[in-house]
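Me: I should like to study this structure by means of questions and answers. Please reason through each reply step by step.

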Amino acid sequence: MATVSTKYTKTAVILHWLIGFGIIFMFLFGWYMEDLPKEAPKVMSFDLFDLGIYTWQLSAEVSPRTFYFNLHKSLGITILGLIAFRVFWRLTHPAPALIKTMKAWEKKLANATHHALYLIMVLVPLSGAAMALYSKYGIKWFGIPLAEGLGDDAMRDIFKNAHKIIGIILLVLLGLHILAVLKHTFVNKDGTLKRMTFK
Ligand code: HEM
């Protein structure tokens, strides 16, 4: 008889942490970008996020806004690819059953949050990509042109608002998700977090 796994596959664990931290980083990146001045001199090198850790050299002069917007789009598209693979993996490798000690309402809330997280996790980068597509700039992936900009300001503004609002929903869900893990780890002490590790 086949045994039912109590843990996620190694691939699911790697994707979970890579995408989780990737998304948190993209939020911080998005907020950093918003504060960049509209008018600033073009330069050929950037001290990444002004941290003094890595200086990015370019072959042509660009404004800080162009540089960071393009980087946000490139990383966002990469994370979207990882999310697409994660959805495929989840559909072909069912998650292990939730732990037995959870109450029925906890199981329902956990399942609903996990499904909503999958949906919203896809919609945040998709709305960003749609905004970039309708802008006059289009989408480049680390310098490789993926799509020309359509230059439709009305549609760009719709997706710009969507990117913000769906982003806030993702933050709320992520907060709920993290609070639940903290409760299981420190209050119930039921080993829930271990299911998403290699141990
Ligand atoms: C992976 C998930 C992503 C997250 C979590 C994310 C997050 C954010 C955040 C927090 C902002 C600032 C919004 C604000 O408060 O004003 C932002 C702005 C932006 N994002 Fe994303 N983003 C993601 C993916 C993408 C992708 C894939 C693209 C395009 C290919 C993109 C394009 C943009 C652009 C162009 C802006 C600037 C909007 C403006 O002010 O004109 N994002 N993003």
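Me: Which element gives the most residues to the shell around the ligand?
Reply: In this predicted model, 21 residues surround the ligand. One helix contributes 7 residues to that shell, the most of any element, and this helix is α1.

Me: Which polar side-chain atom distance is found between Glu34 and the ligand, and what is its value?
Reply: Glu34 is listed among the closest residues to the ligand. The pair consists of an oxygen atom of the ligand and an N or O atom in the side chain of Glu34, and their separation is 2.8 Å.

Me: How many Å is a nitrogen atom of the ligand from an N or O atom in the side chain of His72?
Reply: His72 also belongs to the closest residues. A polar contact requires a pair of N or O atoms within 3.5 Å. For the side chain of His72 and a nitrogen atom of the ligand, the distance is 2.9 Å.

Me: How many residues in the shell around the ligand are nonpolar?
Reply: The shell can be divided by residue class. It has 4 charged and 5 polar residues, while the number of nonpolar residues is 12.

Me: Are α3 and α4 roughly parallel or roughly antiparallel to each other?
Reply: The axes of α3 and α4 come within 8 Å and cross at roughly 150°. Angles over 145 degrees count as roughly antiparallel. Therefore the two helices, α3 and α4, are roughly antiparallel.

Me: Is the crossing of α3 and α4 left-handed or right-handed?
Reply: The contact of α3 with α4 comprises 18 nonpolar, 7 polar and 4 charged residues. The crossing of these helices, α3 and α4, is left-handed.

Methods:
Residues are numbered from 1 along each chain as its sequence is written. This is a predicted model: local features need pLDDT of at least 70, side-chain atom pairs count only at pLDDT 80 or more; totals for chains, interfaces and linings use all residues. Side-chain values use heavy atoms; hydrogens and water are left out. A residue is near a molecule or strand if one of its heavy atoms lies within 4 Å of it. A polar contact is a pair of N or O atoms within 3.5 Å; within protein, one must be able to donate a hydrogen and the other to accept it, and residues adjacent in sequence count only if both atoms are side-chain atoms. Helices (H or I, at least four residues) and strands (E, at least two) are DSSP runs, numbered from the N terminus. Ala, Val, Leu, Ile, Met, Phe, Trp, Tyr, Cys and Pro count as nonpolar, Asp, Glu, Lys and Arg as charged, and the others, Gly among them, as polar. Axes are lines fitted to C-alpha atoms, for helices over the stretch in contact, and angles run from 0 to 180 degrees between N-to-C directions. Angles under 35 degrees count as roughly parallel, over 145 as roughly antiparallel, 65 to 115 as roughly perpendicular and the rest as oblique. A crossing is left-handed if the near helix is turned anticlockwise from the far one by less than a right angle, and right-handed if clockwise.
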